[in-house]
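Colleague: I'm new to this one, so could you walk me through a single part of it in some detail? Pick one strand and tell me what surrounds it.

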Amino acid sequence: MNDRIQGRALIVDADYNTLGSLSRALRARGHHVTLCADGRAGLQRAVESAPDVVIVDRDIPVVDVQTFLEVLRDNPRTSSAHAFVLTTADPTYLSALDPRVEAFVKPFHVAE
């Protein structure tokens with residue numbers, strides 16, 4: 001395992017299997033990882049931790065993904081975070097939410 005912290009990642013998903021697999025993969029690569037199961041907690045932790053990368057599920061509970069992404073972009077502590085959205089649908093709709101967002105289509109391989 002890598003002893004140096006490579007970056008800070010926030011993962012927001014109600015699926016604990018996804019949280020577990022992504023956090024293990026990122027931690028194995030030396031990243032500090034914060035996990036949240038809903039949008040409100042995710043936004044709070046994002047502002048507290050100022051992550052470099054945010055991975056958020058399209059269908060997160062409590063706060064919809066569009067609002068979540070808007071708050072990330074509008075907050076100076078989170079505006080530079082690179083955002084990935086996990087989706088089971090066609091990822092082309094994501095460009096309408098935010099052209100800077102990248103998609104991970106579920107199911108995915110952790111190596112991605």
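Modeller: Let's take β1, where 4 of the 5 residues are buried, so the rest of the structure largely encloses this strand. Keep in mind as we go that this is a predicted model.

Start with the neighbour on one side. β1 pairs with β2 over 5 bridges, in the parallel sense. If you want a spot to look for, find Ala9, which stands opposite Val33 in β2. To get from β1 to β2 the chain passes through α1, and this β-α-β crossover is right-handed.

Now the neighbour on the other side. Strand β1, residues 8–12, and strand β3, residues 53–57, also pair in the parallel sense, here over 4 bridges. Ala9 turns up again, since it stands opposite Val53 in β3. A little further on, Val12 stands opposite Val56 in β3. In between comes Leu10, whose bridge partner in β3 is Val54. As background, strands of a sheet pair through backbone hydrogen bonds, either parallel or antiparallel.

Leu10 deserves a pause. This residue is found in strand β1, and Leu10 is buried, with a relative accessible area of 0%. Along the chain Leu10 and Val54 are 44 residues apart, yet their C-alpha atoms are separated by 4.8 Å. Setting aside residues up to four places away in sequence, Leu10 touches Thr34, Cys36, Gly42, Arg45, Ala46, Pro51, Val53, Val54 and Ile55. Two of those names, Gly42 and Ala46, will come back when we get to the helices.

What about β3 itself? Here too, 4 of the 5 residues are buried, so β3 is largely enclosed by the rest of the structure. Beyond β3 you reach β4, and 5 bridges join these two parallel strands. Val53, which we met opposite Ala9, has His82 as its bridge partner in β4. The chain goes from β3 through α3 to β4, and this β-α-β crossover is right-handed.

Step back and you can see the whole sheet. It is an open one of 5 strands, in the order β2-β1-β3-β4-β5, with parallel pairing. The edges belong to β2 (32–36) and β5 (102–105), each with a single partner strand, so one side of each is left without a neighbour in the sheet. Direction ignored, neighbouring strands of this sheet are turned by 20° against each other on average.

Next, what lies across the strands? Helix α1, residues 16–28, lies across β1, β2, β3 and β4 (82–87), and runs at about 170° to β2. A handy residue for seeing this is Leu26, whose place is in helix α1. At 18% relative accessibility, Leu26 counts as buried, because the cut-off for buried is under 20%. Leaving aside neighbours within four places in sequence, Leu26 is in contact with Ala9, Ile11, His31, Val33 and Ile55. So Ala9, which stands opposite Val33 in β2, is among the residues that Leu26 contacts. You can also compare Leu26 with Arg8: they are 18 residues apart in sequence and 9.5 Å apart in space, C-alpha to C-alpha.

Helix α3, residues 65–74, lies across β1, β3 and β4, running at about 165° to β3. This helix has a helical partner as well: helix α2, residues 39–49, and α3 pack at an angle of about 10°, with their axes 10 Å apart. α2 and α3 are therefore roughly parallel to each other. Where they meet, Gly39, Gly42, Leu43 and Ala46 come from α2, and Phe68, Val71 and Leu72 come from α3. By class, this contact of α2 with α3 has 5 nonpolar, 2 polar and no charged residues. And there are our two names from before: Gly42 and Ala46 in α2 meet α3, and both are also among the residues that Leu10 touches.

To place β1 in the whole protein, count 4 helices and 5 strands, running β-α-β-α-β-α-β-α-β from the N terminus on. Of the 112 residues, 44% count as buried. Among contacts with a separation of 6 or more, 59% come from residues 24 or more positions apart. The Leu10 and Val54 pair, 44 residues apart along the chain, is a good place to start looking.

Terms used
Residues are numbered from 1 along each chain as its sequence is written. This is a predicted model: local features need pLDDT of at least 70, side-chain atom pairs count only at pLDDT 80 or more; totals for chains, interfaces and linings use all residues. Side-chain values use heavy atoms; hydrogens and water are left out. Two strands pair if DSSP finds at least two bridges between them. Axes are lines fitted to C-alpha atoms, for helices over the stretch in contact, and angles run from 0 to 180 degrees between N-to-C directions. Contact means heavy atoms within 4.5 Å. Angles under 35 degrees count as roughly parallel, over 145 as roughly antiparallel, 65 to 115 as roughly perpendicular and the rest as oblique. Ala, Val, Leu, Ile, Met, Phe, Trp, Tyr, Cys and Pro count as nonpolar, Asp, Glu, Lys and Arg as charged, and the others, Gly among them, as polar. Buried means under 20% relative accessible area, exposed over 50%, partly exposed in between (1.4 Å probe, protein chains only). A crossover is right-handed if, with the strands pointing away from the viewer, the path from the first strand over the helix to the second runs clockwise.
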